[in-house]
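Reader: Could you walk me through this model? I want to know what stands behind each label.

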Amino acid sequence: MAKDCAPDCSERKDLAYDVIVAGGGAAGVGAALAASRRGHVLLVETESTVGGDLLTGMPIYGAWNSLGEQCVGGVLNDLMAECRQQPDGFIGPVCDWRTVYGLCLSPAALHLAILRLLHACGAHVMLKSTLTRVGAKDGHVGDVEVASHDGLHRIQCASVVDATGSGRVTELAGGQVEGPGSQETPQPMSLLFRMSGVSFGEFLRFVKENPAEFLLAENPVYGVTPPEAAQRVHDGGLPYAALSAGGALLGGAIAGGRVQPCTAFFITPTSRQRREVCINATRISSTTLLDARGTSCVLLDLAEQVHQSVAFLRASVPGFSGACLSSVAHRMGVRETKRIRGDESLTESHVLNAVKSSEGIAKGAHHVDIHGSGTKQIRKPVHGGGTYDIPFGSLVPTGLRNVIAAGRCISSDRSANGSLRLMGTCMATGQAAGTMASLLAESRAKNRDIRDLSVTRVREVLRQDGAILDGIR
Ligand SMILES: Cc1cc2nc3c(=O)[nH]c(=O)nc-3n(C[C@H](O)[C@H](O)[C@H](O)COP(=O)(O)OP(=O)(O)OC[C@H]3O[C@@H](n4cnc5c(N)ncnc54)[C@H](O)[C@@H]3O)c2cc1C
């Protein structure tokens, strides 16, 4: 059994860490790995493993910009290096000739890579454990309470990273959070699945010969027509394409009630050897998605949509007739919950105009991507295909001194959130938050405040740790 990888709660002695990271999705993994370079770290996660949506096989978006430049490094580079060590573990950044590049990895390889790196860096991990309370005074968190199956544990800390995806720690500490407005329906939930035994060649011929069936050439930076884009997808040799509801094939199936209304079947390669792809096609949209009951009820309906989708693909989409279901995601995907109110807030204009900042601690690159109900989706590419900088202040919850947010819940308007919520960007803000939290913990001052950290110093350390902050468009 691996030793010293979790806190020993049995002795009832005071548990204390430099940094507690709440939430083990893309952001929490980035934060824990980064913070461990400088301090003693505890990662607390409600589920029974870490990695969140990284384990589903979706492409990691936001790590390469639309021009093909890598814009997230650091922790992601370490994970990619681990995946490369495993046979069939690494596919690489692939252009969809629609809007962006996605980093395609084997989710199984990535899962093992995350666990191995967490173990190697010496971070403690508490699984099946939920941070339920924080001891905060005047905006300063001194300890947290964690509920595990063996009881409640009080744990002291110098700083906390809120990587819960919903600003839960910020809310518990007395900070402010906001969700979609009363007139807005939260983005739909989905259940991802994978199919193996796909004939890549047959599918790609279908793409080449039927560009109107796919979402292609949306981003002006590619300067290609849909048929030219289809040819390039074909020539790339990987089934990375989105079968569109606007086409006759999927549109007809939706109209005939054989498939749930959706924008597209987003198809991503996850294994060359197993000829496997991940499929993002199911969706349920409802105003009740933010409460526990509403969330729980949709799972069974989503599972039915997986059945329908697999049947449709096998019956109607070239390349899938001999394919079978190989995996269903271990959890439903949540696109949108709550965002923190921070000292600075990212806006749509900042994202779309690729605004750079001298206080940037991470980069984002994905288009504004907001899924609606049925076949609706808003997609607005970043002008010029470059990157925008995510400033220090957008990770800092207003009124709190030693809590730093990371991932989907950082401070932003809803539209900007539609871009920065992608996994590559979440990992980058996670690395930044973990670094900020560990530097804050190092300064032994009582009542330390994250705002007293020098942004220049944070940026220097991030660069040393391989993060990409400048030098690209
Ligand atoms: C259907 C769908 C498709 C998507 N497609 C893509 C895609 O193709 N590419 C891409 O890059 N991104 C995609 N995304 C977006 C992306 O997956 C998420 O936005 C991103 O993974 C969020 O990461 P996070 O770490 O901020 O949050 P999460 O991954 O939600 O992690 C938060 C973690 O915190 C834990 N937690 C919450 N509260 C507590 C607590 N109190 N104590 C302890 N643990 C807690 C949760 O269990 C969870 O594991 C998609 C999302 C969905 C839903």
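Author: We go from the whole chain to its domains, then to the ligand and one helix. Keep in mind that this is a predicted model.

Reader: What makes the radius of gyration of the protein chain agree with a compact globule?

Author: The rule is 2.2 Å times the number of residues to the power 0.38. For 473 residues that gives a value near 23 Å, and the protein chain has 22 Å, so the two agree. The C-alpha atoms fill a box of roughly 65 × 50 × 45 Å along the principal axes.

Reader: How many of the residues are called buried?

Author: The label needs 20 or more other C-beta atoms within 10 Å of a residue's own. Buried residues make up 54% of the 473 residues.

Reader: What share of the contacts joins residues at least 24 apart?

Author: Take the contacts between residues at least 6 apart in sequence. Of these, 76% join residues at least 24 apart. The secondary structure comes to 12 helices and 20 strands.

Reader: Which domains does the domain assignment give?

Author: Domain 1 covers 15–183 + 336–464, and domain 2 covers 193–328. Their C-alpha centres lie 28 Å apart.

Reader: How do you know which residues of domain 1 and domain 2 take part in the contact?

Author: C-beta atoms of two residues must lie within 7 Å. The contact takes 29 residues from domain 1 and 32 from domain 2. On the domain 1 side, strands S3 (90–95), S4 (101–105) and S18 (377–380) each give two or more residues. That side divides into nine nonpolar, 16 polar and four charged residues.

Reader: What surrounds the ligand?

Author: A shell of 36 residues does, and the closest are Gly 23, Gly 25, Gly 165, Gly 333 and Gly 407. Helix H1 (26–35), strand S6 (130–137) and helix H11 (423–442) each give two or more residues to this shell. The shell has 14 nonpolar, 15 polar and seven charged residues.

Reader: Why are the buried residues of H7 said to line one face of the helix?

Author: The buried residues of H7 (residues 248–255) are Leu 249, Leu 250 and Ala 253. Seen down the axis, they fall within an arc of 90°, so they line one face. They pack against strand S11 (241–244), strand S12 (264–271) and helix H8 (292–316).

Reader: Which exposed residues does the face of H7 turned away from its buried side carry?

Author: Ala 248 and Ala 255. The exposed label needs 12 or fewer C-beta atoms within 10 Å. Just after H7, Gly 257 takes a positive phi of about 75°.

Definitions and conventions
Residues are numbered from 1 along each chain as its sequence is written. This is a predicted model: local features need pLDDT of at least 70, side-chain atom pairs count only at pLDDT 80 or more; totals for chains, interfaces and linings use all residues. A residue is near a molecule or strand if its C-beta atom, placed from the backbone, lies within 6 Å of it. Helices (H or I, at least four residues) and strands (E, at least two) are DSSP runs, numbered from the N terminus. Ala, Val, Leu, Ile, Met, Phe, Trp, Tyr, Cys and Pro count as nonpolar, Asp, Glu, Lys and Arg as charged, and the others, Gly among them, as polar. Domain bounds come from an automatic or database domain assignment. The arc is that of the directions from the helix axis to the C-beta atoms.
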